[in-house]
Amino acid sequence: MDMDRDTFAGMSAFLATVDEGSFSGAAAKLGLSPSGVSKLVSRLEARLKVRLFYRTTRQMQLTHIGATYFERSRRIFEDLAALEGEMEKRDEIPRGLLRVTAPVVLGHVRVLPAVLAFRRAYPNVRIDVLLFDRLVDLVEERVDVAVRMTASPPLSYVAKKLGDDERKLCASPDYLAQHRRPTRPKDLEKHDCLVFDTGGVPAPWKLRSDAGKPMNFRVCGPLQMNNTLSLHQAALAGLGIADLPTYLVADDLRAGRLKSVLDDYVAIGRAVYAVYTPGRSVPASVREFVKFLVQWFAKPEEHKAAS
């Protein structure tokens with residue numbers, strides 16, 4: 001027998017009638033009229049080709065088969081309620097595949113440790129980590145969460161700020177011992193600057209003028225590289241001053257392997273965001289991972305000590 005909407009409506013009316021003891025009581029419970037409940041039950045009896053109630057002007061009583069149908073119907077509705085509750089609970093538990101992308105250096109230093117900690121906390125989640133120094137199309141490349149450094153996150157996505165892209169101009173103590181420490185951006189013209197090469201064009205440094213106005217400051221030097229980790233190594237080796245992200249050099253600064261210069265002139269041009277596609281049914285793995293990233297970036301030293 002095919003089950004349709006009328007069958008479930010009839011079963012619901014039948015169960016309510018038994019529970020409430022009358023069509024009028026069932027009607028009040030279901031928000032229907034007594035005649036509407038009576039018709040639903042009558043159509044159910046006609047469909048089943050059985051009588052579920054003995055009806056008199058004073059009372060209603062279940063037939064023998066009606067009592068059996070009541071018990072089985074009750075179990076069906078209880079199973080349905082339990083299944084819905086299980087599905088709702090399942091949706092709250094992170095599970096399945098989560099694809100995450102981030103820039104190479106930020107991803108390796110900050111995002112990857114968070115991914116590993118998240119995986120330990122949620123073992124039912126499988127994670128693909130994609131580190132690229134290019135803009136990833138979340139929809140086309142089936143990416144769930146992208147960690148991006150940008151001055152303005154895309155309006156077509158949900159973007160949760162994780163922090164600012166703070167930077168430091170750094171040099172080794174040996175380099176600064178051999179060269180006069182710069183006190184103004186213009187002094188950089190007399191220094192060996194380690195330049196990030198973006199396809200043959202040296203990337204400018206985001207600095208502030210003496211008046212406090214942000215500006216793109218063009219620098220040059222004897223060594224250009226297209227990789228931030230290489231610039232970091234060159235600075236540690238005493239080859240010049242480099243513009244590096246704070247998350248990469250924080251340990252070096254604390255240990256004295258590098259010294260920061262022109263701190264009052266370094267401007268913040270971008271922020272770090274966790275970006276994901278909006279929708280009515282965002283998977284629990286995405287919601288929880290973004291929440292996890294926000295907490296992780298808020299207390300980097302605490303997480304470093306824990307790991």
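## A quick look around this predicted model

Phe 8 has its place in helix α1, which covers residues 5-20. Keep in mind as you look around that this is a predicted model. Phe 8 counts as partly exposed, because its relative accessibility is 34%.

Phe 8 also belongs to a group on the surface: together with Ile 76, Leu 80 and Leu 83, it makes a nonpolar patch of about 320 Å². Which helix gives the largest share of the nonpolar patch? That's helix α4 (residues 64-92), with three residues.

Now for the cysteines. A disulfide is a covalent bond between the sulfur atoms of two cysteines. How many disulfides does the count come to here? Zero, going by a cut-off of 2.5 Å between the sulfur atoms. Take Cys 193: the nearest cysteine sulfur belongs to Cys 220 and sits 6.8 Å away, so Cys 193 is in no disulfide. Seen from the other end, Cys 220 has the sulfur of Cys 193 as its nearest, again at 6.8 Å, and is in no disulfide either. As for cover, Cys 193 is buried, at a relative accessible area of 0%, whereas Cys 220 is exposed, at 58%.

Last stop: Thr 246, which you'll find in helix α8 (residues 246-255). Is Thr 246 buried or exposed? Thr 246 is buried, because its relative accessible area of 18% is under 20%. If you skip neighbours within four places in sequence, Thr 246 is in contact with Glu 166, Arg 167 and Lys 168.

Here are some of those residues side by side:

| Residue | Relative accessible area | Class |
|---|---|---|
| Cys 193 | 0% | buried |
| Thr 246 | 18% | buried |
| Phe 8 | 34% | partly exposed |
| Cys 220 | 58% | exposed |

Terms used:
Residues are numbered from 1 along each chain as its sequence is written. This is a predicted model: local features need pLDDT of at least 70, side-chain atom pairs count only at pLDDT 80 or more; totals for chains, interfaces and linings use all residues. Side-chain values use heavy atoms; hydrogens and water are left out. Patches are made of residues with over 30% relative accessible area and no salt bridge: like charges are joined within 9 Å, nonpolar side chains (Val, Leu, Ile, Met, Phe, Trp, Tyr) within 5 Å. Accessible areas come from the Shrake-Rupley method with a 1.4 Å probe; for residues, only the protein chains shown count as cover. A salt bridge is a side-chain nitrogen of Lys or Arg within 4 Å of a carboxyl oxygen of Asp or Glu. Helices (H or I, at least four residues) and strands (E, at least two) are DSSP runs, numbered from the N terminus. Buried means under 20% relative accessible area, exposed over 50%, partly exposed in between (1.4 Å probe, protein chains only). Contact means heavy atoms within 4.5 Å.
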